[in-house]
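Welcome! Please take a look at the sequence and the model, then work through the exercises below at your own pace.

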Amino acid sequence: MAIVTAFRFTEKSGAICIDQESWHIWRRKTWFSDNIHLLVPEDLADQFGIELVYAGTGHPPFHCDTAELAGQYIHQYVRHEHNPEETITVEMLGRIVLRAFQEVHSRRVNNKLQFLFGFTCDDFSRGEFQQSDQTFHINQEAVKERALQIINGKENTGYNPLSPPVEACLIGVDPKYGYSAFAIKENDGVLSFQSCWFESLGQGRDGAVIRFAKDLNDRFLDTRRKGKGLEKGLITLIEATSVSMEHYGQNGGSIRIVLVDAAGKRRQDRIKDIKDNSARLSLEVVRAFRSGYLTEDVAADLLKRLIANNESFETVEKDMFRNASQPVMLGKLLRGYKICEGDLAGSKIEEHLFCQVEQTARGGRK
């Protein structure tokens, strides 16, 4: 969970993508960290036509705490506090998430101060604190200096030193504005609107940004505003994540993608959650395209069938190899071979498993 990327497809739709690798206790890896959260309960989402998806980089428990607290605040706001005549927007809900994010951050800072010194941020501001009916003045320079380091974020509050910064990306849809996206960063503590229609947070963000920038810089302003659409947009989003996973440490594992679409009338039409085998295959389709084994049109069609049309990953995988210019080399690429070295020994298992139908139709061996 070192990187989060997001991309707007059209005025009403977009998606968010994460990797699932995480580092703990210096260099211990896990491959299952998954910090994507749907923050609006399904009944309220269907009633008001809103969705909000949260994904974060950095310390996984921080985001679990934030998502749980934000979900409670959003439920309270939508049920009891908002004006029924006012349309609920992603920005309104984003500010609620920001409050939860800030509260979790403050609680963790206070926990460390109390663990080390027995006082909180408010006590530090007053210059004194009470304990066991006694008042203690905070006068020691060494204590004051370290407490300031913790409060100012210059000393972490229990995270792994190798973890990326704690940052979050929000994407969502509402009836008023369609698709909107925002970012929240622990070092800033504000809600930042995603004005350029893409986001890249965490380890390897620079590599992903290069891919997004190339896509946007190649188009005129009006076509950028219109968006690339679902199929081509998915390629850009997944490719940006793939680049970071290939060239940056701490990124890896599989991926998870959540699509949002304001045109949907029900949650199952507004939200598509792509994970497990389908998510892994979508990553492999894009790798095949990047390596020249699939054309862009074929890759886009495979992703549409896999993600938008909910076809089984077994069927789409077979068609990926059938349409590949070199199915055997593609198989080796996806199994980790260094295909540029050449002279690779091995069987043609891909042709046997995936390409028999095509070969038989052309009069080849069975």
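## Exercise 1: A serine and its surroundings

The side chain of Ser-200 comes within 3.0 Å of the backbone oxygen of Arg-205. Keep in mind that this is a predicted model.

Task: find the element that holds Ser-200, decide whether Ser-200 is buried or exposed, and list its contacts beyond the neighbours within four places in sequence.

Solution, step by step:

- Start with the location: Ser-200 lies in strand 12.
- Next, look at accessibility. Ser-200 has 7% relative accessibility, so it counts as buried; the cut-off for buried is under 20%.
- Finally, collect the contacts. With neighbours within four places in sequence set aside, Ser-200 touches Ile-3, Val-4, Thr-5, Arg-205, Ala-208 and Val-209.

## Exercise 2: The sheet around strand 12

Task: work out the strand order of the open sheet formed by five strands, name its edge strands, and find which helices pack on it.

Solution, step by step:

- Trace the strands across the sheet: the order is 12-1-2-13-14, with antiparallel pairing.
- Now check the borders. Strand 12 (198-202) and strand 14 (271-274) are the edges, as each has a pairing partner on one side only.
- From one strand to the next, the twist averages 10°.
- Add the helices. Helix 6 (residues 205-217) packs on the sheet and touches strand 1 (3-10) and strand 12, its direction making about 170° with that of strand 12. Helix 8 (residues 230-247) also packs on the sheet, touching strand 1, strand 2 and strand 13, and its direction makes about 165° with that of strand 1.
- Zoom in on one pair: strand 2 (residues 13-19) and strand 13 (residues 255-261) run antiparallel and are joined by seven bridges. Here Ala-15 sits opposite Leu-259 of strand 13.

## Exercise 3: An enclosed strand

Task: explain why strand 6 is described as largely enclosed, and identify its partners.

Solution, step by step:

- Count the buried residues. In strand 6 (residues 51-57), seven of the seven are buried, so the rest of the structure largely encloses this strand.
- Sort them by direction: Glu-51, Val-53, Ala-55 and Thr-57 point one way, while Leu-52, Tyr-54 and Gly-56 point the other way.
- Look for partners. Strand 5 (residues 36-38) runs antiparallel to strand 6 and is joined to it by three bridges; Leu-38 has Val-53 as its bridge partner.
- Strand 9 (residues 167-174) also pairs with strand 6 in the antiparallel sense, over seven bridges. There, Glu-51 is matched with Val-173.

## Exercise 4: A cysteine without a bond

Task: how many disulfides does the structure hold, and is Cys-17 buried or exposed?

Solution, step by step:

- Search the whole structure: zero disulfides turn up.
- Check Cys-17 itself. The nearest cysteine sulfur belongs to Cys-169 and is 11 Å away, whereas a disulfide needs the sulfurs within 2.5 Å.
- Cys-17 counts as buried because its relative accessibility is 0%.

## Exercise 5: A helix and its cover

Task: compare the span of helix 11 with the expected value, then find what covers its buried residues.

Solution, step by step:

- Helix 11 (residues 296-308) has 13 residues and reaches 17 Å from first C-alpha to last, close to the expected 18 Å.
- Its buried residues include Ala-299, Leu-302 and Leu-306.
- Their cover includes helix 8, strand 13, strand 14, helix 10 (276-290) and helix 12 (313-323).
- After helix 11 comes Asn-310, with a positive phi near 60°.

How values were computed:
Residues are numbered from 1 along each chain as its sequence is written. This is a predicted model: local features need pLDDT of at least 70, side-chain atom pairs count only at pLDDT 80 or more; totals for chains, interfaces and linings use all residues. Side-chain values use heavy atoms; hydrogens and water are left out. Two strands pair if DSSP finds at least two bridges between them. Helices (H or I, at least four residues) and strands (E, at least two) are DSSP runs, numbered from the N terminus. Axes are lines fitted to C-alpha atoms, for helices over the stretch in contact, and angles run from 0 to 180 degrees between N-to-C directions. Contact means heavy atoms within 4.5 Å. Buried means under 20% relative accessible area, exposed over 50%, partly exposed in between (1.4 Å probe, protein chains only). The expected span of a helix is 1.5 Å times one less than its number of residues. A polar contact is a pair of N or O atoms within 3.5 Å; within protein, one must be able to donate a hydrogen and the other to accept it, and residues adjacent in sequence count only if both atoms are side-chain atoms.
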